[in-house]
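This report was prepared in reply to a request for a description of the fold and the main pocket of a single-chain model. Please read it alongside the sequence and the coordinates.

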Amino acid sequence: MNLPKNLFLFLVFSVCFFSFGQQNQETISNLIFKKTNLLRKAKDLKPFKKLDTLDYLAQYHSDNMVLKKFYEHIDHEGLSPVERAEKLNIQAWRREGNKFVGIAENIAQVPWFENVVRCGDTRSNEAIAECLVQGWKKSPPHYKNILGDYVYLGVGISFDADQMGFATQNFR
């Protein structure tokens with residue numbers, strides 16, 4: 001079969017486009033934020049407020065997990081979420097009565113793929129956000145952060161070359 005060059009390029013582009021979809025990190029992050037607040041609303045809790053500095057911190061960690069090829073709360077420099085915040089001059093602590101509480105963090109990995117266990121097809125911004133939030137809900141320590149006595153939430157997500165999504169939530 002001999003296809004004209006333009007048709008061949010169109011088919012290659014279409015396969016790549018529809019295989020990888022239209023990931024939009026900002027849209028996915030906003031959907032994660034909204035879906036997380038829906039979990040809080042279901043428990044009659046106040047919604048989180050968005051905080052640009054926490055969004056930056058979360059995106060910074062997601063990007064680093066992809067760039068430096070790790071998947072941990074402790075980053076490639078050995079820094080915890082609180083230490084990362086302090087390094088970036090982001091307020092890492094809040095006062096709660098007579099004690100100080102540091103930033104909490106949820107991380108997760110979900111592939112942009114057609115058949116993800118317990119999630120199905122995650123090749124849309126909506127579907128991958130739902131999969132991530134439901135995964136955190138099913139994990140007691142992550143769900144505890146979501147329902148915790150925090151005021152602010154920051155969200156970030158980054159994809160590696162294999163289309164694995166690395167998501168981060170930072171709570172303060």
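The text below treats the overall architecture, then the strands, then one helix and the pocket.

**Overall architecture**

The model is predicted. Its chain contains 6 helices and 6 strands, which follow one another along the sequence in the pattern α-α-β-α-α-β-β-β-α-α-β-β. Of the 172 residues, 45% count as buried. Among contacts in the chain with a separation of 6 or more, 65% are made by residues 24 or more positions apart.

**Strands and sheet**

An open sheet is formed by 4 strands in the order β1-β5-β6-β4, and its pairing is mixed. The strands β1 (49-50) and β4 stand at the edges with a single partner strand each, so one side of each has no neighbour in the sheet. In general, strands of a sheet pair through backbone hydrogen bonds, in either a parallel or an antiparallel manner.

The table lists three of the strand pairings.

| Strand pair | Bridges | Direction |
|---|---|---|
| β1 and β5 | 2 bridges | parallel |
| β5 and β6 | 7 bridges | antiparallel |
| β2 (residues 93-96) and β3 (residues 99-102) | 4 bridges | antiparallel |

Individual residues locate these pairings in the sequence. Lys 50 has Leu 153 of β5 as its bridge partner, while Gly 154 stands opposite Asn 170 in β6. Strand β5 is mostly covered, with 7 of its 8 residues buried. Together with β6, strand β5 forms a hairpin with 4 residues between the two strands. In the turn of this hairpin, Gln 163 has a positive phi of about 70°.

A further hairpin is made by β2 and β3, with 2 residues between them. Its turn includes Gly 97, whose phi is positive, at about 65°. Within this pair, Arg 94 has Val 101 in β3 as its bridge partner.

**Helix α5**

Helix α5 (125-138) has 14 residues and reaches 20 Å from its first C-alpha to its last, close to the 20 Å expected at 1.5 Å a residue. Which residues of α5 are buried? They are Asn 125, Ile 128, Ala 129, Cys 131, Leu 132, Val 133 and Trp 136. These buried residues pack against two helices and three strands of the chain: α2 (25-42), α6 (140-146), β4, β5 (152-159) and β6 (164-171). The sheet strands β5, β6 and β4 are thus found among the elements that the buried residues of α5 pack against.

**The largest pocket**

The largest pocket has a volume of about 260 Å³. It is lined by 14 residues, of which Val 110, Arg 118, Cys 119, Cys 131 and Gly 135 are the closest to its centre. Cys 131 is also one of the buried residues of α5.

Which element supplies the largest share of the lining of the largest pocket? That share, 6 residues, comes from α5. Both α5 and β4 (104-111) supply at least two residues of this lining. β4 is also an edge strand of the sheet and one of the elements against which the buried residues of α5 pack. By class, the lining comprises 9 nonpolar, 3 polar and 2 charged residues.

Key. Residues numbered from 1 in each chain as written. Predicted model: local features only at pLDDT ≥ 70, side-chain atom pairs only at ≥ 80, totals over all residues. Heavy atoms only, no water. 1 Å grid on protein atoms, 1.4 Å probe; cavity = no way out; pocket = protein on both sides within 12 Å on 5 of 7 lines; lining within 4 Å. Points joined across faces, edges and corners; volume = space filled by probe spheres on them. Nonpolar A, V, L, I, M, F, W, Y, C, P; charged D, E, K, R; others polar. Expected span 1.5 Å × (residues − 1). Buried < 20%, exposed > 50% of the residue type's maximum accessible area, 1.4 Å probe, protein only. Contact = heavy atoms within 4.5 Å. Pairing = 2+ DSSP bridges.
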